[in-house]
Amino acid sequence: MTDSKKSNNGPAFIEHNKKTYELPVYEPSIGPKVIDISKLYAQANVFTYDPGFTSTANCASSITYVDGDNGILLYRGYKIEDLVENADFLEVSYLLLNGKLPNNKEKKQFDASVTNHTMLHEQMSKFYTGFRRDAHPMAITCGVIGALSAFYHDSTDINDPLQRMIASRRLIAKMPTIAAMAYKYSTGQPFVYPRNDLDYASNFMHMCFSVPCEDYHVNELLSKAMHKIFILHADHEQNASTSTVRLAGSSGANPFACIAAGVACLWGPAHGGANEAALNMLEEIKTVDRIPEYVNKAKDPNDPFRLMGFGHRVYKSYDPRARIMQKTCHEVLDALKLKDEPLLQVAMELERIALEDQYFIDKKLYPNVDFYSGITLRALGFPKDMFTVLFAVARTVGWISQWNEMIEDPEQKIGRPRQLYTGDIDKEYVNIDNR
Ligand code: ACO
């Protein structure tokens, strides 16, 4: 197994049909050991069963590490807190893609190269007019990203490292333009071209909020907050959308198609759609006195309602991104003189009550990154249906870094899970007239 060694504690054994099978165990640089079951079917004629991959590693990766019990998130070994405090989004993008922080010269070159790709082929703007004005911007974003492969053929050969590098930079550069155009289209305002003299986050805000008839100055504090939000969402190891990108890419599909698949997966309310759902929930709760009613609904086993922005498959303690997001939320609301925003009061009180409640303590349910991001993004001026699109803008670098890692992995195979078949067997075909 790439970059990994066998555990000093020896192999694992599995007993089946009175036979014992020896399974290699690998030692990660940090985290739980990994039992290799890849030969089990060939040797013992059995599959393993793990819906939702709760105990299954699908790949070896050196990009991102999440310690869910202790609330730790590392990008290429660096703590998320350090990166958010000290780096900008493109510096973090370089890190995720290349495995090391750039020096001054490398950073300048990378920024220039991404910046040079911010424009979209002019013909692509015609795509937008084919959508209804009230289409969800995630639907538009997903469609337009998929269409990139029809415009940039010169970077779809996945076996050419140079083309892979160009496609990666194109995706990081064009994603904000695609997202901002989806927003502009929904408001009926003209598209705004990127400005290459602005940094990544400021340019995105410029494309979303400026109009041709007056000057628009990006507030530095708010663009700094935008960088932080992008960094927090840049990667999160083998989550649902990233695994989708890897699975799509495992068949040899081009990177634009793979990222479109990732966007589609991210849209769901259990994943990237949770920030929109969390803000909807806070708006529905509306006042602090109604919180207990919603907490009780969330605890009721017969009610499907869940506290949106709470709980995480991996974090069984406070999500470190949520802590930073909460701080950023306060900074943004302070800067915009919105400190008394009623939804913030509801959010803080809901968090306080839930964290003291035995149900949430027992199930280890803590606020996740989406709990405070909705309030922050709304204060920055984004409508709710843009929240998941912003997540997709940020996550594109994570997806493409993971995709590159997969393509370069000599052990990469087409993704093909097995199943526990529970359907009928030996049925005889009955003619339609006799059914
Ligand atoms: N509110 C109330 N109860 C919850 C919540 C919640 N938000 N989340 C989990 N639970 C309960 C479940 O009902 C379940 O209870 P049970 O054991 O009595 O059946 C238990 O906690 C475990 O829940 P699972 O769904 O099995 O946990 P899983 O790891 O599969 O789900 C998930 C994680 C999907 C994030 C879940 O916590 C959830 O739906 N949260 C709300 C949506 C959300 O905020 N998603 C954002 C995730 S972060 C991201 O994508 C960036």
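This is a short tour of a predicted model, stop by stop, with residues to select at each one.

**Stop 1: the strands at the start of the chain**

Select residues 12-16 and 19-23. You now have strand 2 and strand 3, which run antiparallel and are joined by 5 bridges. Click on Ala-12 and look across to strand 3: its bridge partner there is Leu-23. Now go to the hairpin itself, where 2 residues sit between the strands. Which residue here takes a positive phi? Pick Asn-17, with a phi near 50°.

Next, add strand 1 (5-6) and strand 5 (34-35) to your selection, along with strand 4 (residues 25-27). These 3 strands make an open sheet, in the order 1-4-5, with antiparallel pairing. Strand 1 and strand 5 are its edge strands, and each of them pairs on one side only. Between strand 1 and strand 4 there are 2 bridges. To see a partnership, show Lys-5 and then find Glu-27, its bridge partner in strand 4.

**Stop 2: another open sheet**

Move along the chain and select strand 6 (64-67) and strand 8 (78-79), then strand 7 (residues 72-75). Here too, 3 strands form an open sheet; the order is 6-7-8 and the pairing is antiparallel. Why is one side of strand 6 and of strand 8 left without a neighbour in the sheet? Both stand at the edges with a single partner strand each, so that side has nothing beside it in the sheet.

Start with strand 6 and strand 7, which pair over 4 bridges. Highlight Tyr-65 and you'll find Leu-74 of strand 7 standing opposite. The hairpin these strands form has 4 residues between them, and in its turn Gly-71 has a positive phi of about 65°.

Now hop over to strand 7 and strand 8, which pair over 2 bridges. Leu-74 turns up again: in strand 8 its bridge partner is Lys-79. Tyr-75, meanwhile, is partnered with Tyr-78. This hairpin has 2 residues between its strands, and Arg-76 in the turn is the one to click for a positive phi of about 50°.

**Stop 3: a pocket**

Time for some empty space. Select Leu-97, Asn-98, Pro-161, Arg-164, Met-165, Ser-168, Arg-169, Asn-404 and Glu-408, and you have the lining of the second largest pocket. It holds about 180 Å³ of space. Colour the lining by class and you get 3 nonpolar, 3 polar and 3 charged residues.

Which helix gives the most to this lining? Helix 7 does, with 5 residues. Show helix 3 (89-98), helix 7 (161-187) and helix 18 (387-408) to see where the walls come from, as each supplies at least two of the lining residues.

**Stop 4: the largest cavity**

In the whole structure, a search turns up 2 cavities of 30 Å³ or more. For the largest one, with about 80 Å³ of space, select Thr-115, Thr-118, Asp-199, Tyr-200 and Asn-203. Out of 13 lining residues, these are the closest to the centre. By class, the lining has 6 nonpolar, 5 polar and 2 charged residues. Turn on helix 4 (104-115), helix 7 and helix 8 (200-209) as well, since at least two lining residues come from each.

**Stop 5: two helices packed together**

Now select helix 9 (residues 220-232) and helix 17 (residues 370-380). How should you describe such a pair? Two packed helices are described by the angle between their axes and the distance between those axes. For helix 9 and helix 17 the angle is about 145°, and the axes are 11 Å apart. Their crossing is left-handed.

Show side chains where they meet: Leu-222, Met-226 and Ile-229 come from helix 9, while Thr-376, Leu-377 and Leu-380 come from helix 17. That contact has 5 nonpolar residues, 1 polar and no charged ones.

**Stop 6: the second largest cavity**

Keep Ile-229 and Leu-377 selected, because both also line the second largest cavity. Add His-233, Asn-275, Ser-373, Phe-387, Leu-390 and Phe-391 to complete its lining. The volume here is about 40 Å³. Helix 17 and helix 18 each supply at least two lining residues, and helix 18 gives the most, with 3. How many lining residues are charged? The count is 5 nonpolar, 3 polar and no charged residues.

Terms used: Residues are numbered from 1 along each chain as its sequence is written. This is a predicted model: local features need pLDDT of at least 70, side-chain atom pairs count only at pLDDT 80 or more; totals for chains, interfaces and linings use all residues. Side-chain values use heavy atoms; hydrogens and water are left out. Axes are lines fitted to C-alpha atoms, for helices over the stretch in contact, and angles run from 0 to 180 degrees between N-to-C directions. A crossing is left-handed if the near helix is turned anticlockwise from the far one by less than a right angle, and right-handed if clockwise. Contact means heavy atoms within 4.5 Å. Ala, Val, Leu, Ile, Met, Phe, Trp, Tyr, Cys and Pro count as nonpolar, Asp, Glu, Lys and Arg as charged, and the others, Gly among them, as polar. Two strands pair if DSSP finds at least two bridges between them. On a 1 Å grid over the protein atoms alone, a cavity is a set of points where a 1.4 Å probe fits but cannot get out, and a pocket is an open set with protein on both sides within 12 Å along at least five of seven lines; lining residues have an atom within 4 Å of a point. Grid points are joined across faces, edges and corners, and a volume is the space filled by probe spheres set on the points.
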